[in-house]
Amino acid sequence: MPPTLHLLATAFILLTVHFPATEAVADLPEFREAPAFRNGKECAKPNDDSTIHVAMTLDATYLRGSIAGVFSVLQHTTCPENVEFHFLATGRRAELRRTVAATFPYLSFRLYHFDTNLVKGKISSSVRRALDQPLNYARIYLAELLPATVRRIIYFDSDLILVDDAVKLWNTDLNSHVLAAPEYCHANFTYYFTPRFWSSPNPRFSAAFEGKSPCYFNTGVMVIDLDKWRAGRYTEKLERWMRVQKRYRIYELGSLPPFLLVFAGNVEGVEHRWNQHGLGGDNLEGLCRDLHPGPVSLLHWSGKGKPWLRLDSGRPCPLDGLWAPYDLFRHAPLFSDS
């Protein structure tokens, strides 16, 4: 090889080794600024007794749903300035903080880093890849991530909207229980675990429900007493079942079964109106579904299909139109006026 070409080849190799190409990171979605929601005269000033604490996760994939959820809470809550949001994120926190602050300039919120190392080696593959993401397990660590001054929390998934006053859910009497949620006792409870879980050679697994009347509940809407959670070391109990799952494969549905194993049969029931779930369809096909009979305070697009994706594709389900008014996503103009 001629000396000049040799030098050029060497320089190219050095550039390739020392200056690798950086992976492009997509910009976060942009949103319109929400109106300012103010307290009425009947509202107490925000303090430890009057503040409603709401926890949600934030990431680029579900950010549009999270923003719609926040908007719906503020719009329907009698004293919106008394709501404080606690957001959990794994990365891009500075960008996420700017997005939330620009969309809701008057919002009281905190943003926490969820360290994915907390669940490293504990997550098993499930029926849908989205269920395997570390942030899906962040709800297990709320008691550790939030300050001790936060003694109760409402946890909301990022694919729901509230159409009622959050204070009604906040005021749920948990009695002696750690958490409250709508229960669905007609559901086939055996469906949430593998045959190995129920088989007689391993009775120690199914013994978790001995002496209980376990019912399915959806973990996308929960009221949690964080003081009782911390005192009972419930994070450790959930992690223990995650380790069992890694070894024996006793369920298929992400972060839900550990909650059922630890809490089912020991949940303070809440009216079904507070979680009209399943609107995203099943976890495989994401087919359209109807509302359950009865009143509605919260609409939840749990399952594969998400309303913003179906609306953008031009193939929405009938109920996706109920989510659309809360969508603050700033769509690109249809034509240029330049």
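How far apart are the sulfur atoms of Cys185 and Cys215? They lie 1.9 Å apart, and the two cysteines form a disulfide. The legends below return to this pair. The model shown is predicted.

**View 1. The whole chain combines 11 helices and 11 strands.** The chain has 338 residues, and 49% of them are buried. Take the contacts between residues at least 6 apart in sequence: 75% of these join residues at least 24 apart. The chain exposes about 17,300 Å². Carbon and sulfur atoms supply 55% of that area.

**View 2. Strand β1 is largely enclosed by the rest of the structure, because 6 of its 6 residues are buried.** Look at each face of the strand in turn. Ile52, Val54 and Met56 sit on one side. His53, Ala55 and Thr57 sit on the other. Both faces of β1 are covered.

**View 3. Strand β1 pairs with β2 and with β4.** β1 and β2 run in the parallel sense, with 6 bridges between them. Ile52 of β1 has Val83 of β2 as its bridge partner. The pairing of β1 with β4 (residues 152-156) is also parallel, over 2 bridges. Here Ala55 has Tyr155 in β4 as its bridge partner. Helix α2 joins the picture too: β1, α2 and β2 make a right-handed β-α-β unit.

**View 4. Cys43 and Cys79 form one of the 3 disulfides in the structure.** A disulfide is a covalent bond between the sulfur atoms of two cysteines. In this pair the sulfur atoms are 2.1 Å apart. The torsion about the S-S bond is about -90°, so the disulfide is left-handed. Cys43 lies in the loop between α1 (3-18) and β1 (52-57), and Cys79 lies in the loop between α2 (63-76) and β2 (83-89), so the bond ties together parts that are 36 residues apart in sequence. Both Cys43 and Cys79 are buried.

**View 5. Cys185 and Cys215 form a right-handed disulfide.** The angle about the S-S bond is 100°. Cys185 lies in the loop between β7 (183-184) and α6 (195-198), while Cys215 lies in the loop between α7 (203-206) and β8 (216-217), so the pair ties together parts that are 30 residues apart in sequence. Is each cysteine buried or exposed? Cys185 counts as exposed, because its relative accessibility is 53%. Cys215 counts as buried, because its relative accessibility is 8%.

**View 6. Cys288 and Cys317 are joined by a disulfide.** The S to S distance is 2.0 Å. The torsion about this bond is about -85°, so the disulfide is left-handed. Cys288 lies in the loop between β10 (268-269) and β11 (298-300), and Cys317 lies in the segment after α11 (307-313). The pair links distant parts of the chain, 29 residues apart. Cys288 counts as partly exposed, because its relative accessibility is 45%. Cys317 is buried, with a relative accessible area of 7%. With the bonded cysteines numbered in sequence order, the pairing in the chain is 1-2, 3-4, 5-6.

**View 7. Glu239 sits in helix α9.** The helix covers residues 234-248. Why does Glu239 count as buried? Glu239 counts as buried because its relative accessibility is 14%, and the cut-off is under 20%. Which residues does Glu239 contact, leaving aside its neighbours within four places in sequence? They are Leu118, Lys122 and Tyr141.

Definitions and conventions. Residues numbered from 1 in each chain as written. Predicted model: local features only at pLDDT ≥ 70, side-chain atom pairs only at ≥ 80, totals over all residues. Heavy atoms only, no water. Helix = DSSP H or I, 4+ residues; strand = E, 2+ residues; numbered from the N terminus. Buried < 20%, exposed > 50% of the residue type's maximum accessible area, 1.4 Å probe, protein only. Contact = heavy atoms within 4.5 Å. Areas by Shrake-Rupley, 256 points an atom, 1.4 Å probe, with all protein chains shown as cover. Disulfide = S-S within 2.5 Å. Pairing = 2+ DSSP bridges. Right-handed = clockwise from strand over helix to strand, strands pointing away.
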